[in-house]
Each structure stands twice: as C-alpha cells, then as structure tokens.
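Please open the structure in your viewer and keep the sequence panel beside it. The tour below moves from one selection to the next and says what can be found at each stop.

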Amino acid sequence: MHSLLHRILSAFCTDASYRMEEGDACSLAELGADNNMDLLAAAAAVRHLRGPRGTGTCAIINAKSGKCPENCAFCAQSSHYVTGAPVYPLQDTEHLVRQACEMAAHGIARCGLVTSGTALSDRELDALCESALKMRAEAPIRLCASLGLLTKEKARRLVEAGISRYHHNLETARSFFPSVCTTHAYDEDLATLAIARSAGLEVCSCGIFGLGESWAQRVELLQTLREVGVDSLPVNFLCPVPGTPLGSRSPLAPWEALRVVALARLMHPEQEIIICGGRLSTLKDEQALVLTAGASALMSGNYLTTRGFGYADDDALLAAVGTLRR
C-alpha cells in the first residue's frame, strides 16, 4: 500500500474525529493505477468503520419533464437543445401514488419526486404537496423532492407535506460550473441547500462526474459539500445525450468512476453515498464494485430520461454480493 494511503487509513482507524485534508485527497486522486485496488479497499474499510450499515435503495419519479429554461450542458430536458426527451406537465396524484406503491412493494426505501425547470410555481407546488400527502398515506416509503431552487416558504410547505429530504445537485465544482451552466449562479444552488437545511429537511447533493472536470475539481466539489454539511451524496456519471453540448463525450472508464466513489467515501466517511445516474452505462458488469469502493446506497429503476437498472436486477445484484437492504 502506498505510504500516503497507509497514513490516511491509519488515521481513520486511530482517530474517530479524523478528516482527510483536501490536499491529501488531491494527492490520492493522482496516484498511479497500480494503487486502485488499495484505494478501493481503504474506502471500504472507512465505510465499515464509520459509514451506514447495509445498502440503502431509492428510486425517482420524473414528475414533470422537459422545457427547462436552464442550459446545463449535460441535460436532455433543457429547452436549449433538441434531444427528443419527453415533455409533459406535472403528473397527477393517481399516477404518483401508483408509482410510489410499486417502489414500496419492491423494497425501495425512498421515493424522489423530480421536476424539470428552475423552480415550481406556487400552483404546481400546491398540487405536488397534495400528492405527497396521499403518497405518504398509501405507500410505506419515505419521500424526497428535487424541485429546483427553493424559497423558505416553499421549503416549509414541503416539510408539512411529509417530505423529509431535499435533493439539489451542485453538479460540479464552482471553478468548473461556468463551463456547464450559465443561466443561474452557483451561489443560488448553495442558497437552496441552506434553505432546505434551515427548514429541517435532510440535504442530498453531489454532482455529475465526467463532464470534463479535472481531478482537482472533483475534490473541490467534494470539499464544498463537506463545508455545506450534506446528509447524502448522489454520485452520478455522465451518460452522454445526443443533442447536448456534452453528447459526444465518452463515459468515464470504470476504474475512474470507482476512484471517484472511493474519494467521496474518504472525504465523507459518515454520509450516505448513493450511486445514481450513469451506473449502468459507465460500470456495466462492474456495478457491484461500487459497494466495495465505499458506496452505501443504490438508485434503482430508471433515471429521468435514460434507462437504469430494474428493481429485480438490483435485488439479484445485492443477493449476489450478500449485502442486506436498509
């Protein structure tokens, strides 16, 4: 094992308050490929020492799709690009309840309601909150929401509707963000996370890796999330969508994606680390390795506009590696 990795792992084992420095994280990211397995093993050990037990599962509902005014360079739902992604208004309560019940029947722990656009209108939020109350009443599942930018009043209404966690990705490091999106400011995203936290919501935030960012910028994002104090980190890998500015980029190599997961665990030893979009297209037959790289949860089912791994497929994956659901 490399001396730097040995020193960091020893510190985790002997000091319960230890936090890896940002500089050490950058140095780990630059280690040669011959250190990959040791890095993954160290991340797995840190998860065993401090992280969540068992494997959590969540799934999402694309509750409102398309016509987003933001110009995020990776997004199929942006109105700035022609991608053929589905376009429809906010789904009705019956549809949302039915999907939540299906998720619960398959043992999914959390259901995320996701809507396109910068933010919901008050009228849309009223309808979604009514749906959330009915979902909570009829499906034994915890609810999350990803509805764009928040105000204090909107956050309060989400709490009253029984939503316990708010998801809002920073997408990438501040230093790389202008290369990804120019229609809103990074500070607006940070403000939304602060509003969600002050309302009593758990905070779920991370980004998409493989947008063209450097390793230093990946560490920068993870450091920002540590300063914010997130509860869970949804790790996504770019799934290139034809018609978007990033549509011709190649997906990350599996070893690179796994190294991202390991760094996320080492920088966030206690937090939930969820493997989300791009899992299938990036990792293919190596998906189970994320659980040995420090991940503690999987997003199951389809993503917003791309295919994911089915509920039964994830049941088989978890059974094959002998891990229990949380």
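Is C68 buried or exposed? Before selecting it, bear in mind that what you see is a predicted model. C68 turns out to be buried, with a relative accessible area of 10%, and its place is in the loop between β1 (56-64) and α4 (93-105). If you show the surroundings of C68 and set aside the neighbours within four places in sequence, you will find it in contact with Q77, S78, S79, H80, S116, G117 and T118.

Next, add C72 and C75 to the selection, since the unreviewed UniProt entry places a "binding site" feature at C68, C72 and C75. C75 also lies in the loop between β1 and α4, and, leaving aside neighbours within four places in sequence, C75 is in contact with Y81 and T244.

Now clear the view and select C144 and C204, which the UniProt annotation "binding site", again from an unreviewed entry, covers. These two positions span 61 residues in sequence, yet their C-alpha atoms are no more than 9.0 Å apart, so they gather at one spot.

Stay with C144, which sits in strand β3 (residues 142-146) and is buried, its relative accessible area being 9%. Not counting residues up to four places away in sequence, C144 touches R110, C111, G112, L113, I163 and R165.

Turn then to C204, whose place is in strand β5 (residues 202-204) and which counts as buried at 6% relative accessibility. Apart from neighbours within four places in sequence, the contacts of C204 are R165, Y166, H167, H168, S232, P234 and I274.

To see how the strands that hold these two cysteines are linked, select strand β4 (residues 163-167), which runs parallel to β3 and is joined to it by three bridges. A145 has Y166 in β4 as its bridge partner. Following the chain from β3, you pass through helix α6 (residues 152-160) before reaching β4, and this β-α-β crossover is right-handed.

On to the last pairing, where β4 and β5 are parallel and share three bridges, with Y166 standing opposite V203 in β5. Here the chain goes from β4 through helix α7 (residues 186-198) to β5, in a β-α-β crossover that is right-handed.

How values were computed
Residues numbered from 1 in each chain as written. Predicted model: local features only at pLDDT ≥ 70, side-chain atom pairs only at ≥ 80, totals over all residues. Heavy atoms only, no water. UniProt positions renumbered as here; feature names shortened; annotations may be inferred. Helix = DSSP H or I, 4+ residues; strand = E, 2+ residues; numbered from the N terminus. Buried < 20%, exposed > 50% of the residue type's maximum accessible area, 1.4 Å probe, protein only. Contact = heavy atoms within 4.5 Å. Pairing = 2+ DSSP bridges. Right-handed = clockwise from strand over helix to strand, strands pointing away.
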